[in-house]
Amino acid sequence: MTGLKSICALIASLACLYGCAAKDVGPINLAGSDAPPPTPRFIADGGDDGSTVVALAFSGGGMRASAFSYGVLTALDDIVVDEVPYRRSMVDNIRMISGVSGGSVVAAYFGYKGRDGYRDLDRRFLYQDPEATMRTSMMSPITLSRALSGGVNDRSTFARWLDNNLFDEADLSSFRWPNAPTVWINASDIYNRTPFLFTYDTFAALCSDLDKVRISDAVAASAAFPVVFSPVVLQTKRAQCHYERPQWLTRALADPRHSIRLRAYAEALNAYQNESDLNYVRLLDGGLTDNLGITGFVLERAAADSPHGPLSAEEAVKLRHFIFVIADAGRGQTETWGRNMNNLPIGPLLKAATDTSMSAALRDEIDALRQAVSIWRDQLVRYRCSLSLEKVRRICGTTAGWNCRDVNAMVEHLSFAGVDPETTRDLNLIPTRLTLETAQVDRLVAAGRKVVAGNDRLTAAVTNIRKHAGVAHSPLIVQH
């Protein structure tokens with residue numbers, strides 16, 4: 001009887017603690033918007049000569065990923081590629097930018113502040129302490145109770161910190177400014193087991209207005225590592241919203257031979273509209289489905305109904321260089337158990353199994369992206385070569401120097417392996433957290449800058465871009 005009383009007392013205590021630890025997990029969207037707009041068919045043209053299009057994807061990895069991505073971004077910004085009619089760097093050519101988890105902070109901040117305002121990210125985020133508002137100790141009974149109920153931290157911690165300290169309570173409508181790039185924030189829909197992109201098509205299927213979602217909530221969803229964070233919740237339709245399926249979704253559902261990835265995404269959006277038992281969608285870390293942030297471009301290309309999509313016909317004619325840069329802050333091998341024959345305890349064994357699975361998936365993703373870009377480049381060339389010179393003249397103003405086959409498309413994977421071995425070892429030991437020491441942040445930013453400067457293919461592409469623009473700058477990156 002005494003033992004039963006003790007168990008009852010423990011259950012009552014945990015129930016009380018859980019009640020005292022009520023979570024802020026309400027939906028981040030407002031369902032019921034009437035006729036939400038669809039995602040634009042093409043990414044916005046850049047407003048300049050359009051000869052260079054840059055796409056950036058920033059990986060997950062907490063603050064480690066944020067700092068490394070920031071280093072890559074600032075390094076690209078220091079590469080001047082043209083001075084007529086005004087001074088432009090590689091960053092002015094960014095038409096697509098994507099992020100996962102820690103990388104989503106950088107992508108979202110660039111989308112929010114623009115090319116002239118993002119540089120203070122180091123002061124406002126990299127050198128700050130977002131974890132100060134989070135529950136990080138598993139020794140606390142309340143923390144344990146929250147972990148057992150599905151997640152230790154809710155919207156009142158990291159998301160609110162981002163809202164108050166970085167994104168100034170702005171919503172996703174702030175991503176729409178003149179010549180703004182397409183911004184993809186990546187999370188994971190754990191009900192449909194698919195990537196989740198914060199796009200107009202996705203939120204139209206939810207009968208919701210994407211523009212009214214807080215940037216901080218989108219980024220927090222992208223970084224919601226299981227158990228450390230509660231899932232971020234969205235509600236599905238609450239009333240008829242005159243939803244019309246986009247053509248790509250209808251095609252993907254009708255054709256079983258279509259892209260498997262696109263079909264899975266289409267089925268998820270279809271479930272938001274038509275599955276009667278799906279009233280709430282739960283989102284976790286985007287790294288569960290794509291830790292590199294390349295899903296946005298892959299889906300856009302698979303959904304395109306033209307050989308040049310997601311570029312417009314005009315942008316496809318102007319294009320000379322398409323450069324897709326992946327900033328991957330994933331850690332390499334740091335374990336020492338390979339030295340002996342001792343049995344692996346369950347902790348290291350499960351970590352090794354998880355790391356092995358993720359590494360294999362990332363390699364497959366990069367190979368698939370490179371193949372997709374290569375096929376797209378060939379389709380672009382065939383499209384361009386089918387055009388009349390008169391049409392080219394109308395778009396470009398002249399046909400002088402234009403060659404329908406002159407399209408260079410490349411995918412560059414930048415990682416810690418791009419620096420010297422000793423530095424790589426140090427970087428691999430930096431933990432996946434949302435707060436790091438100042439010296440660690442400094443090393444990561446410097447590494448991001450160094451891998452850009454040391455990439456031979458990027459250097460060759462920039463040299464070619466400058467040559468056509470009549471610019472001759474050296475060195476490639478100005479060191480600060």
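Asn179 counts as partly exposed, because its relative accessibility is 43%, and the limits for that class are 20% and 50%. This residue belongs to a predicted model, whose mean pLDDT is 89, with 91% of the residues at 70 or more. The points below cover confidence, backbone geometry, helix α3, two strands, the nonpolar core and one helix position.

**Confidence**
- Residues 1–21 have pLDDT under 50 throughout.
- For residues 1–21 the model has 8 contacts beyond four places in sequence.

**Backbone geometry in loops**
- Asn179 is not a glycine, yet its phi is positive, at about 60°.
- The loop between α6 and β6 contains Asn179.
- Asp168 also sits in the loop between α6 (158–165) and β6, and its phi, near 55°, is positive in a residue other than glycine.
- Asp168 has a relative accessible area of 37%, so it is classed as partly exposed.
- A cis peptide bond joins Gly309 to Pro310, with omega near 10°.
- Pro310 is part of the loop that lies between α11 (295–303) and α12 (313–318).

**Helix α3**
- Helix α3 covers residues 102–113, and its 12 residues should span 16 Å because each adds 1.5 Å and the expected span counts one less than the number of residues.
- The end C-alpha atoms of α3 are 17 Å apart, which agrees with that expectation.
- Of the 12 residues in α3, 11 are buried, so the helix is mostly covered.
- The buried residues of α3 include Gly102, Gly103, Val105, Tyr109, Phe110 and Tyr112.
- Among the elements that cover these buried residues are the strands β1 (52–58), β4 (94–100) and β6 (182–189).
- The helices α2 (62–77), α4 (121–126) and α8 (215–222) are also included in that cover.
- Gly114, just after α3, has a positive phi of about 80°.

**Ser98 in strand β4**
- Ser98 is located in β4 and is buried, because its relative accessibility is 2%.
- The Ser98 side chain comes to 2.6 Å from the backbone oxygen of Gly293.
- Beyond its neighbours within four places in sequence, Ser98 has contacts that include Leu56, Ala57, Phe58 and Gly293.
- Ala107, which is one of the buried residues of α3, is also in contact with Ser98.
- Trp184 and Asn186 are further contacts of Ser98.

**Strands β9 and β10**
- In a regular strand, side chains alternate between the two faces of the sheet.
- Strand β9 (residues 232–235) has Val232 and Leu234 on one side and Val233 and Gln235 on the other.
- These four residues of β9 are all buried, and both faces of the strand are covered.
- β9 pairs with β10 (residues 280–285) in the antiparallel sense, over 4 bridges.
- Leu283 in β10 is the bridge partner of Val232.

**Nonpolar core**
- There are 130 residues in the largest nonpolar core, and Phe125, Phe198, Phe322 and Phe324 have the most contacts inside it.
- α2 supplies 9 residues, the largest share of this core.
- Setting aside neighbours within four places in sequence, Phe324 is in contact with residues including Ala55, Ala57, Ile294 and Phe297.
- Leu369, Met410, Val411 and Glu412 are also among the contacts of Phe324.

**Ala368 in helix α13**
- Ala368 is found in α13 (residues 346–385).
- The relative accessible area of Ala368 is 40%, so the residue is partly exposed.
- Ala368 and Val298 are 70 residues apart along the chain, and their C-alpha atoms are separated by 9.1 Å.

Notes:
Residues are numbered from 1 along each chain as its sequence is written. Side-chain values use heavy atoms; hydrogens and water are left out. Helices (H or I, at least four residues) and strands (E, at least two) are DSSP runs, numbered from the N terminus. Buried means under 20% relative accessible area, exposed over 50%, partly exposed in between (1.4 Å probe, protein chains only). Contact means heavy atoms within 4.5 Å. Two strands pair if DSSP finds at least two bridges between them. A polar contact is a pair of N or O atoms within 3.5 Å; within protein, one must be able to donate a hydrogen and the other to accept it, and residues adjacent in sequence count only if both atoms are side-chain atoms. pLDDT is the predictor's confidence in each residue, from 0 to 100. A nonpolar core is a set of buried Ala, Val, Leu, Ile, Met, Phe, Trp, Tyr and Cys residues joined through side-chain atoms within 4.5 Å.
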